[in-house]
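Trainee: I've got a new chain open on my screen and I'd like to learn how to read it. Can we go through it together, one question at a time?

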Amino acid sequence: MLYELIGVVRPGRSINEIKEIARTTGNIILSSGGVVRGISNWGTFLLPKPARKAGAVYHNGHYFILRFDSSAKTQHAVRRTLGLDPRMIRYSVVKMGSKLEEISDVGGLAEWPSADAQR
(Lines give C-alpha, C1' and ligand atoms only; values in the text may rest on other atoms or scores of the structure.)
Protein backbone atom coordinates (compact mmCIF):
# COMPACT_ATOMS: atom_id res chain seq x y z
CA MET A 1 0.00 0.00 0.00
CA LEU A 2 1.17 3.53 -0.74
CA TYR A 3 1.15 6.01 2.13
CA GLU A 4 1.97 9.69 2.41
CA LEU A 5 3.29 10.98 5.73
CA ILE A 6 2.94 14.69 6.40
CA GLY A 7 5.13 15.63 9.36
CA VAL A 8 5.45 18.90 11.25
CA VAL A 9 8.59 19.37 13.34
CA ARG A 10 9.30 22.06 15.92
CA PRO A 11 10.47 25.23 14.16
CA GLY A 12 13.92 26.71 14.58
CA ARG A 13 15.61 23.32 14.57
CA SER A 14 18.43 22.48 12.24
CA ILE A 15 17.76 20.65 9.01
CA ASN A 16 19.85 17.81 10.49
CA GLU A 17 17.13 17.15 13.07
CA ILE A 18 14.52 16.83 10.33
CA LYS A 19 16.85 14.53 8.37
CA GLU A 20 17.29 12.39 11.47
CA ILE A 21 13.52 12.01 11.90
CA ALA A 22 13.12 11.13 8.21
CA ARG A 23 16.06 8.69 8.42
CA THR A 24 14.60 6.93 11.47
CA THR A 25 11.22 6.66 9.76
CA GLY A 26 12.85 5.40 6.56
CA ASN A 27 14.81 2.77 8.48
CA ILE A 28 11.59 1.43 10.03
CA ILE A 29 10.03 1.16 6.57
CA LEU A 30 13.08 -0.41 4.91
CA SER A 31 13.72 -2.93 7.69
CA SER A 32 10.15 -4.19 7.27
CA GLY A 33 10.53 -4.71 3.53
CA GLY A 34 8.90 -1.45 2.46
CA VAL A 35 10.07 1.14 -0.06
CA VAL A 36 10.61 4.87 0.47
CA ARG A 37 9.52 6.63 -2.74
CA GLY A 38 10.72 10.09 -1.79
CA ILE A 39 11.06 12.84 0.78
CA SER A 40 10.10 16.49 0.23
CA ASN A 41 11.15 19.36 2.47
CA TRP A 42 8.51 22.08 2.40
CA GLY A 43 10.06 24.42 4.97
CA THR A 44 8.58 26.42 7.84
CA PHE A 45 5.00 27.67 7.70
CA LEU A 46 2.31 28.99 9.99
CA LEU A 47 0.20 26.19 11.48
CA PRO A 48 -3.56 26.25 10.79
CA LYS A 49 -4.11 26.67 14.53
CA PRO A 50 -1.74 26.80 17.52
CA ALA A 51 -0.56 23.37 18.66
CA ARG A 52 0.39 22.28 22.17
CA LYS A 53 3.10 19.69 22.60
CA ALA A 54 5.18 18.92 25.70
CA GLY A 55 4.02 22.03 27.54
CA ALA A 56 4.83 24.45 24.71
CA VAL A 57 2.57 26.22 22.22
CA TYR A 58 3.68 26.33 18.58
CA HIS A 59 2.43 28.72 15.91
CA ASN A 60 4.87 27.65 13.18
CA GLY A 61 6.21 24.28 12.12
CA HIS A 62 8.67 22.79 9.66
CA TYR A 63 6.79 20.58 7.18
CA PHE A 64 8.09 17.52 5.36
CA ILE A 65 6.42 14.86 3.22
CA LEU A 66 7.51 11.23 3.01
CA ARG A 67 5.92 8.84 0.50
CA PHE A 68 6.39 5.14 1.09
CA ASP A 69 5.06 1.70 0.23
CA SER A 70 4.62 -0.68 3.16
CA SER A 71 2.28 -2.99 4.99
CA ALA A 72 -0.35 -1.68 7.38
CA LYS A 73 1.66 -3.12 10.29
CA THR A 74 4.72 -1.06 9.29
CA GLN A 75 2.59 2.07 8.91
CA HIS A 76 1.36 1.57 12.50
CA ALA A 77 4.98 1.22 13.70
CA VAL A 78 5.84 4.51 11.96
CA ARG A 79 2.88 6.24 13.63
CA ARG A 80 3.82 4.84 17.05
CA THR A 81 7.43 6.01 16.69
CA LEU A 82 6.50 9.52 15.54
CA GLY A 83 3.93 9.84 18.31
CA LEU A 84 6.65 9.26 20.90
CA ASP A 85 9.15 11.70 19.35
CA PRO A 86 9.07 15.01 21.31
CA ARG A 87 10.42 16.93 18.28
CA MET A 88 7.27 16.22 16.28
CA ILE A 89 4.40 18.68 16.63
CA ARG A 90 1.99 16.82 14.39
CA TYR A 91 1.90 14.14 11.75
CA SER A 92 -0.63 12.47 9.55
CA VAL A 93 -0.40 9.31 7.49
CA VAL A 94 -2.74 9.04 4.52
CA LYS A 95 -3.30 5.90 2.46
CA MET A 96 -3.02 6.92 -1.19
CA GLY A 97 -3.98 3.54 -2.65
CA SER A 98 -3.48 -0.18 -2.53
CA LYS A 99 -4.00 -1.27 -6.14
CA LEU A 100 -1.26 -0.95 -8.72
CA GLU A 101 -3.55 0.99 -11.07
CA GLU A 102 -4.12 3.61 -8.35
CA ILE A 103 -0.50 4.18 -7.37
CA SER A 104 1.62 3.40 -10.43
CA ASP A 105 1.84 7.02 -11.61
CA VAL A 106 2.41 8.61 -8.17
CA GLY A 107 5.89 10.08 -7.92
CA GLY A 108 8.15 10.21 -4.91
CA LEU A 109 8.24 13.97 -4.46
CA ALA A 110 5.30 16.01 -3.24
CA GLU A 111 5.73 19.46 -4.73
CA TRP A 112 4.17 22.54 -3.20
CA PRO A 113 1.15 23.36 -5.36
CA SER A 114 1.58 26.44 -7.54
CA ALA A 115 -1.04 29.18 -7.73
CA ASP A 116 -2.08 27.91 -11.17
CA ALA A 117 -2.69 24.37 -9.89
CA GLN A 118 -5.00 25.63 -7.13
CA ARG A 119 -7.44 27.28 -9.54
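Mentor: Sure, and let's settle one word before anything else: two residues are in contact when they have heavy atoms within 4.5 Å. Keep in mind too that this is a predicted model.

Trainee: Okay, then which residues is Ala 51 in contact with, leaving aside its neighbours within four places in sequence?

Mentor: Start with where Ala 51 sits, which is in strand β2. Its C-alpha atom and that of Ile 89 are separated by 7.1 Å, although the two residues are 38 apart along the chain. With neighbours within four places left aside, the contacts of Ala 51 are Ala 56, Val 57, Tyr 58, Ile 89 and Arg 90.

Trainee: Is Ala 51 buried or exposed?

Mentor: The cut-off for buried is under 20% relative accessible area. Ala 51 has a relative accessibility of 3%, so Ala 51 counts as buried.

Trainee: And Ala 54, is that one buried or exposed?

Mentor: Ala 54 lies in the loop between β2 and β3. Its phi is near 55°, a positive value in a residue other than glycine. For exposed, the cut-off is over 50%. Ala 54 has a relative accessible area of 74%, so the word for Ala 54 is exposed.

Trainee: Let me zoom out. In what order do the elements of the chain run from the N terminus?

Mentor: Count them up before you order them: the chain has 3 helices and 4 strands. Reading on from the N terminus, you get β-α-β-β-α-β-α.

Trainee: How are α1 and α2 oriented relative to each other?

Mentor: The axes of these two helices come within 9 Å and cross at roughly 150°. Angles over 145 degrees count as roughly antiparallel. So α1 is, relative to α2, roughly antiparallel.

Trainee: Which residues of α2 are met by residues of α1?

Mentor: The crossing of α1 past α2 is right-handed. On the α1 side, the residues involved are Ile 21, Thr 24, Thr 25, Ile 28 and Ile 29. The α2 residues they meet are Thr 74, Ala 77, Val 78, Thr 81 and Leu 82.

Trainee: Which element gives the largest share of the largest nonpolar core?

Mentor: That core has 15 residues, and Leu 5, Phe 64 and Phe 68 touch the most other members. Two or more residues each come from β1, α1, β3, α2 and β4. The largest share is 4 residues, and the element that gives it is α1.

Trainee: What does Phe 64 touch, not counting residues up to four places away in sequence?

Mentor: Some of its partners have come up already, including Leu 5 and Ile 21. The full set is Leu 5, Ile 6, Gly 7, Val 9, Ile 18, Ile 21, Ser 40, Trp 42 and Met 88.

Trainee: How many residues are in the second, separate core?

Mentor: You'll meet Ala 51 again there, as this core includes Leu 47, Ala 51, Tyr 58 and Tyr 63. In soluble globular proteins, nonpolar side chains tend to be buried together. The size of the second core is 6 residues.

Trainee: Last one: what share of the chain's residues count as buried?

Mentor: The accessible surface of the chain comes to about 7100 Å², with 53% belonging to carbon and sulfur atoms. That percentage is about surface, while your question is about residues. Of the 119 residues of the chain, the share that count as buried is 40%.

Definitions and conventions:
Residues are numbered from 1 along each chain as its sequence is written. This is a predicted model: local features need pLDDT of at least 70, side-chain atom pairs count only at pLDDT 80 or more; totals for chains, interfaces and linings use all residues. Side-chain values use heavy atoms; hydrogens and water are left out. A nonpolar core is a set of buried Ala, Val, Leu, Ile, Met, Phe, Trp, Tyr and Cys residues joined through side-chain atoms within 4.5 Å. Buried means under 20% relative accessible area, exposed over 50%, partly exposed in between (1.4 Å probe, protein chains only). Accessible areas come from the Shrake-Rupley method with a 1.4 Å probe; for residues, only the protein chains shown count as cover. Axes are lines fitted to C-alpha atoms, for helices over the stretch in contact, and angles run from 0 to 180 degrees between N-to-C directions. Angles under 35 degrees count as roughly parallel, over 145 as roughly antiparallel, 65 to 115 as roughly perpendicular and the rest as oblique. A crossing is left-handed if the near helix is turned anticlockwise from the far one by less than a right angle, and right-handed if clockwise.
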